[in-house]
Amino acid sequence: MHEIDQSILTARSAETIAVAAIGRIRHLMLCQRVIVIEVTETGQIKKLAAESSGEIALRVDVGIYYEMFELQSLSKGLVQGIEDLTLHPGRSPMQQALYPEGVRSYVVVPLRVQDELIGTLHLEADRPRAFTADHINSAIEVAVLLAVGSRQARLYERAQREIAERKQAEVKLRQR
């Protein structure tokens, strides 16, 4: 957890933060695939990072996860998941897409800052009941770090854009 914390604190972009964290998360949680998805400032969702052990394909179509962002409970900060997808007969479109890929259990932890959902952390395993309460608590701790780090990265990127725009405006003003 300390390594994850340090890697997040030293990164400057949301992508770098996510990449730095997910490899360690996958080994800490013993899951086969970890994905970090961001809700952009325009409300779109995009994959920040993904890592797989090989048992579940790395190819990730973030569109299948869109339904997660429509859940009120996720927006309120509640963790979502399925212990055993094989026993879940009424699968949602997302679950129908995950099952053939070999996913048998998953946990989705919201990334929230100041009551705003800015993304999700997805842990996926190829076996039922892969995640214990301790795994989920650790995932929540990591999600808090990822959310804060991502928010700081967004603010840093926004500040860099504003500085660049001001410099351009100063150059144009001097030219006039």
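A residue counts as buried when its relative accessible area is under 20%, and as exposed when that value is over 50%, with partly exposed in between. Ala-147 has a relative accessibility of 0%, so Ala-147 counts as buried. Keep that cut-off in mind as we walk through this structure, which is a predicted model.

Let's start with the overall layout. The chain has five helices and five strands. Following the sequence from start to end, the order of these elements is α-α-β-β-α-β-α-β-β-α. Along the principal axes, the C-alpha atoms fill a box of roughly 70 × 35 × 30 Å. Of the 176 residues in the chain, 45% are buried.

Back to Ala-147, then, which belongs to helix α5. Which residue, 109 positions away along the chain, has its C-alpha atom 9.5 Å from that of Ala-147? It is Glu-38. Helix α5 spans residues 133–175, and Tyr-156 is another of its residues. Tyr-156 has a relative accessibility of 35%, a value between the two cut-offs, so Tyr-156 counts as partly exposed. Its C-alpha atom is 8.0 Å from that of Ser-13, although 143 residues separate the two along the chain.

Glu-38 turns up again when we look for enclosed empty space. Rolling a probe the size of a water molecule over the atoms shows where such space is left. How many cavities of 30 Å³ or more does a search of the whole structure find? The search finds one. The largest cavity has a volume of about 30 Å³. Its lining consists of Glu-38, Leu-48, Leu-111, Ile-118, Ser-150 and Arg-154. By residue class, that lining splits into three nonpolar, one polar and two charged residues.

Next, look at Arg-33, in strand β1, which covers residues 33–39. Is Arg-33 buried or exposed? With a relative accessible area of 0%, Arg-33 is buried. Which side chains make polar contacts with this arginine? One is the side chain of Glu-101, joined to the side chain of Arg-33 by a polar contact of 2.6 Å. Another is the side chain of Glu-124, whose polar contact with the side chain of Arg-33 is 2.5 Å. The backbone contributes as well: the oxygen of Arg-59 lies 3.4 Å from a polar atom of the Arg-33 side chain. Glu-124 itself is in strand β5, and its relative accessible area of 1% is under the 20% cut-off, so Glu-124 is buried too.

Now for the aromatic side chains. A pair of aromatic rings is described by the distance of the centres and the angle of the planes. In this model, a search of the whole structure finds zero aromatic pairs. Charged groups do sit over a ring, however, and Tyr-99 is the place to look. Arg-91 lies over the face of Tyr-99, 3.9 Å from the ring centre. The charged end of Arg-104 also sits over the Tyr-99 ring, at 3.7 Å from its centre.

The backbone has a couple of points to check as well. Asp-115 has a phi near 60°, a positive value in a residue that is not glycine. Where is Asp-115 found? Asp-115 is in the loop between β4 (105–113) and β5 (116–125). At 66% relative accessibility, Asp-115 is over the 50% cut-off, so this aspartate counts as exposed. Arg-129 also has a positive phi, of about 50°, without being a glycine. Arg-129 is located in the loop between β5 and α5, and with a relative accessible area of 52% this arginine is exposed.

Our last stop is Thr-132, which lies in that loop between β5 and α5. Thr-132 has a relative accessible area of 38%, so this threonine is partly exposed. How far apart in space are the C-alpha atoms of Thr-132 and Gln-95, which are 37 residues apart in sequence? They are 20 Å apart.

How values were computed: Residues are numbered from 1 along each chain as its sequence is written. This is a predicted model: local features need pLDDT of at least 70, side-chain atom pairs count only at pLDDT 80 or more; totals for chains, interfaces and linings use all residues. Side-chain values use heavy atoms; hydrogens and water are left out. Rings of Phe, Tyr and Trp (its six-membered ring) pair if their centres lie within 6.5 Å; planes under 30 degrees apart count as stacked, over 60 as edge-to-face and the rest as tilted. A charge sits over a ring if NZ of Lys or CZ of Arg is within 6 Å of the ring centre and within 35 degrees of the ring normal. Helices (H or I, at least four residues) and strands (E, at least two) are DSSP runs, numbered from the N terminus. Buried means under 20% relative accessible area, exposed over 50%, partly exposed in between (1.4 Å probe, protein chains only). On a 1 Å grid over the protein atoms alone, a cavity is a set of points where a 1.4 Å probe fits but cannot get out, and a pocket is an open set with protein on both sides within 12 Å along at least five of seven lines; lining residues have an atom within 4 Å of a point. Grid points are joined across faces, edges and corners, and a volume is the space filled by probe spheres set on the points. Ala, Val, Leu, Ile, Met, Phe, Trp, Tyr, Cys and Pro count as nonpolar, Asp, Glu, Lys and Arg as charged, and the others, Gly among them, as polar. A polar contact is a pair of N or O atoms within 3.5 Å; within protein, one must be able to donate a hydrogen and the other to accept it, and residues adjacent in sequence count only if both atoms are side-chain atoms.
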